[in-house]
Every structure is written in structure tokens, then in C-alpha cells.
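Please open the structure in your viewer and keep the sequence panel at hand. The stops below are arranged as successive selections.

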Amino acid sequence: MDELTQAIGARIRAARAATHQTQTVVAGLAGITPDYLYQIERGKKRPALPVLIELARVLGVSLEHPLHEPSNRAIGRPGRPGLAGRRPGGPRGRECRGSAPARWNLAHVLLADQQADGGETVAMRAADDLAPLVRSGDLDAMALSGALTLLGAVASARQGAVWTARERVRSVAALADQTGERNVCWTAFGPVNVAMYAVSVEIEAGEAGEALRLAERIDHDQSPSIERRVAFLLEQAKGYIQRRDYGSALALLHTAHHEAPEDIRYRPAAHQLVNTVIHRARRGIATEAARLATRAGLTIG
């Protein structure tokens, strides 16, 4: 990767360390995934300007800090005056609808931390708060509300309330028909994402057969989010593993690696799935899975 990308990553990493915040917390507050922040800090990906602005705001540094300033410069306090300290405003703030995207990310963080009940509460309350804008016909608010409700569906499925989860997915299908495919503040919502979450709910419920049947109908390339597309491929792989079809699972893992090799390298779920295939599949498939792990830079446990 080029020198500027590496320098930006190093300075963001130093700024985060100075604030004593974890990657999970900073990523959640900035509206990106922990995996994405990990890649930025390692110089693997250069953040787009909106992401860089959010990281500067969360870390309490000026926007120029990761671009020009030396990494050992004193770190300012979060929320100080200047571009980095502003709350979202102007077109992007209007598009992001206040705190909804931050609460969407917080719900993700809680789910990743095995706190499904907390994730459900955060997501559904945020969706409820958007109700007036949704009723007014605001398409961005509809998309955000739908994305939050889908997170609430997964959270409820993880707590065993599968019928509640399925009803939540069904409840936002009409919103998706109105919004089309949208990616408001990287939350990714639309008909394709609703269909993907229907698969996710069935995977969480242990209904691999139904999940894979639903997955066959989905053209995942239509999703505007590469992270969501990769997550969908991994969920299908998990479904095949639940059915002990390790060859099909490995084929999907290969596809995911081909589409986004760096995303696969830094996703714990990918490591876990590949390791499962290595340890449970027949020798030929296990050997091929080990080769994939080597190519992708995955940890073999």
C-alpha cells in the first residue's frame, strides 16, 4: 500500500491509543466496523473523506492530524471546536438523521459482544424515534429505521424469539420497496438487504435448510455494501456447515475471499468458518481449506 495510506493509518492508531479507546468503541462511534478500522490502522485501506472526518471527530483531533501532522502531536479533547469537533451538520448530518447511525453501530457492537438484549433495545428504540420522519415519507429515515429494525430482528433471534425476528423482517419489506437500495451513512437497506436478513434470522434459528433455500433467490451483488455482501456469503457458508456440507461451505469461502480478500483476512467469523472446515471436513476438502487459510492470511487454530 502507498506511503500516505500507511501514514494515515499509523496516525489514527496513535490518536486512538492516546485516548485509551478500543477499536470496537471507536469504530462504532465513527460508523464503521471494527474490521474496517483495523485495516485502516494497518495501512491496508485508505479511509474515504466522510470516514476520516468521523474518525477525527471521535478521536478529538483536527482533520489535518491524520493527513499532515506528526503522530506524536498532542491530542485534543473530543468535541473541541473545529471541523473534527462538530456534530454532523450540513448535508451529511441531515442525511444521517442525528444519532440514528451511531446507535445502529452501537447495536452492532453489542451484538458482536454477545449482548443481544442490549443490542435489541438500542436498535428498536432508535427505530421508534425515527417514526415521525418515516410517517412523513422521508426516504432516508425509512432506510435507517429499516436497517435498525433488521438489527433488532437478529438480536431477537439470538435470544430465541424467532417469530418476533421473522415478523420484524416482514414488517420492513414495504419500507424497502419504497426506498430501494440505499446506503445512508453506510447502513445498507433495501429489498436485497431485507432478503439477506431473512436468511440471517433462519441461520440464527438453526434452520439451515430454509436459510439456504431463501439465499438461492438473492442476487447479493445488488447490495450497495461490500461488507454486507461478504457477511452474506459467510452466513451461507455457516448454513452449509450446519448441514455438514463442507464442500459447499468452502466454495462460498473462496468466493468471499475472491470478492474481498482483505475483509476476509480481518473477519473473526471467516477465521472460525475456515477452521471448522479444516477440522471437520474430509481430508481433501480440509487440505484445500488450509490452502485458502494460508493464501488469505487466516489464523489456523
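The tour passes from the whole chain to a helix, the nonpolar cores and the salt bridges.

**Whole chain**

Begin with the complete model, which is predicted. Colouring by secondary structure should bring out 19 helices and zero strands. Of the 301 residues in the protein, 51% are buried. Among contacts with a separation of 6 or more, 62% join residues 24 or more positions apart. If a surface is displayed, its accessible area comes to about 14,200 Å², and carbon and sulfur atoms contribute 51% of that area.

**Helix H16**

Next, select residues 246-259, which form helix H16. At 1.5 Å a residue, these 14 residues should span 20 Å, and the end C-alpha atoms are indeed 20 Å apart, so the expected and modelled spans agree. Within H16, display the side chains of Tyr246, Ala249, Leu250, Leu252, Leu253, Ala256 and His257, which are buried. Rotate the view to look down the axis of H16: the buried residues fall within an arc of 160 degrees, and therefore line one face of the helix.

What covers the buried residues of H16? The cover includes helix H15 (226-242), helix H17 (261-265), helix H18 (268-280) and helix H19 (283-296).

From this cover, pick Gln236, found in helix H15. Gln236 counts as buried because its relative accessibility is 11%, under the 20% cut-off. Leaving aside neighbours within four places in sequence, Gln236 is in contact with Leu212, Ala215 and Leu252. Leu252 is also one of the buried residues of H16.

**Nonpolar cores**

Now clear the selection and turn to the largest nonpolar core, which has 36 residues. Select Leu130, Leu148, Leu150, Leu151, Phe189, Val194 and Val201, the residues with the most contacts inside this core. Helices that each supply at least two residues of this core are H7 (100-112), H8 (116-129), H10 (139-158), H11 (162-171), H12 (173-179) and H13 (191-204). The largest share, 12 residues, comes from H10. A second, separate core has 25 residues, and Ala237, Ala281, Leu292 and Leu298 are among them. As general background, nonpolar side chains in soluble globular proteins tend to be buried together.

**Salt bridges**

The structure holds 13 salt bridges. For one of them, select Arg16 and Glu41, whose closest N and O atoms are 2.6 Å apart. This pair links distant parts of the chain: Arg16 is in helix H1 (residues 3-19) and Glu41 is in helix H3 (residues 34-41), 25 residues apart. Are these two residues buried or exposed? Both Arg16 and Glu41 are buried.

Add Arg42 to the selection; its side chain meets that of Glu41 in a salt bridge with an N to O distance of 3.9 Å. Arg42 is partly exposed, with a relative accessible area of 39%, whereas Glu41 has a relative accessible area of 1%. Arg16, Glu41 and Arg42 are thus shown as a network of salt bridges.

For the final selection, take Arg158 and Glu204, which form a salt bridge with closest N and O atoms 3.1 Å apart. Arg158 lies in helix H10 and Glu204 in helix H13, so the pair ties together parts that are 46 residues apart in sequence. Arg158 is partly exposed at 39% relative accessible area, and Glu204 counts as partly exposed at 27%.

Note on methods:
Residues numbered from 1 in each chain as written. Predicted model: local features only at pLDDT ≥ 70, side-chain atom pairs only at ≥ 80, totals over all residues. Heavy atoms only, no water. Helix = DSSP H or I, 4+ residues; strand = E, 2+ residues; numbered from the N terminus. Buried < 20%, exposed > 50% of the residue type's maximum accessible area, 1.4 Å probe, protein only. Contact = heavy atoms within 4.5 Å. Areas by Shrake-Rupley, 256 points an atom, 1.4 Å probe, with all protein chains shown as cover. Expected span 1.5 Å × (residues − 1). Arc of directions from axis to C-beta. Core = buried A, V, L, I, M, F, W, Y, C linked by side-chain atoms within 4.5 Å. Salt bridge = Lys/Arg side-chain N within 4 Å of Asp/Glu carboxyl O.
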